[in-house]
Amino acid sequence: MKYYERIRELREDNYLKQQNIADLLNVVQKTYSDYEKGKIRLPIDSLLILAKFYNVSVDYISGASNEKNPYPKK
């Protein structure tokens with residue numbers, strides 16, 4: 001699964017709207033929509049914010065793993 005499919009799946013599984021996640025990432029809804037469509041790449045800092053927010057590993061969001069491991073704790 002590609003990362004943009006995964007971020008959409010995570011958002012929908014948590015019953016959130018694109019605007020909710022756009023606010024979290026401090027971007028406009030259109031920009032977040034473009035992330036989910038794969039039109040523009042998700043910046044690494046946003047990837048980290050989403051991994052922490054959803055409590056999943058960066059590997060899971062990026063599609064490198066299909067295991068939903070929790071976000072690492074410090």
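Which residues does asparagine 55 touch, not counting residues up to four places away in sequence? In this predicted model, the contacts of asparagine 55 on that count are Asn69, Pro70 and Tyr71, and the paragraphs below lead from the overall fold to the helices and then back to this residue.

The protein chain contains five helices and zero strands, so that, by the helix and strand assignment used here, its pattern read along the sequence is α-α-α-α-α. The C-alpha trace spans about 30 × 25 × 25 Å along its principal axes. A compact globule of 74 residues would have a radius of gyration near 11 Å, and the protein chain, with 11 Å, agrees with that expectation. Of the 74 residues, 34% are buried, while the area that the protein chain exposes comes to about 5000 Å², with carbon and sulfur atoms supplying 49% of it. Among contacts with a separation of 6 or more, 47% join residues that lie 24 or more positions apart.

Helix α3, which covers residues 29–37, has Tyr32, Ser33, Asp34, Tyr35 and Glu36 as buried residues, and what covers them includes α1 and α2. Just after α3 comes glycine 38, whose phi is positive at about 80°.

Helix α4, formed by residues 44–54, buries Ser46, Leu47, Leu50, Ala51 and Tyr54. Seen down the axis of α4, these buried residues fall within an arc of 140°, and therefore they line one face of the helix. The cover over the buried residues of α4 includes α1 (3–13), α2 (18–25) and α5 (58–62). Phenylalanine 53 also has its place in helix α4, but with a relative accessibility of 42% it counts as partly exposed, because that value lies between the 20% and 50% cut-offs. Together with Leu24 and Ile49, Phe53 makes a nonpolar surface patch of about 240 Å².

Just after α4 the chain reaches asparagine 55, which takes a positive phi of about 55° and is found in the loop between α4 and α5. Asparagine 55 has a relative accessible area of 43% and is thus partly exposed. In addition to its contacts with Asn69, Pro70 and Tyr71, asparagine 55 can be placed relative to proline 72, which is 17 residues away in sequence and 8.4 Å away in space, taken from C-alpha to C-alpha.

Note on methods
Residues are numbered from 1 along each chain as its sequence is written. This is a predicted model: local features need pLDDT of at least 70, side-chain atom pairs count only at pLDDT 80 or more; totals for chains, interfaces and linings use all residues. Side-chain values use heavy atoms; hydrogens and water are left out. Buried means under 20% relative accessible area, exposed over 50%, partly exposed in between (1.4 Å probe, protein chains only). Helices (H or I, at least four residues) and strands (E, at least two) are DSSP runs, numbered from the N terminus. The arc is that of the directions from the helix axis to the C-beta atoms. Contact means heavy atoms within 4.5 Å. Patches are made of residues with over 30% relative accessible area and no salt bridge: like charges are joined within 9 Å, nonpolar side chains (Val, Leu, Ile, Met, Phe, Trp, Tyr) within 5 Å. Accessible areas come from the Shrake-Rupley method with a 1.4 Å probe; for residues, only the protein chains shown count as cover. A salt bridge is a side-chain nitrogen of Lys or Arg within 4 Å of a carboxyl oxygen of Asp or Glu. The radius of gyration is taken over C-alpha atoms; the globule rule is 2.2 Å times the number of residues to the power 0.38.
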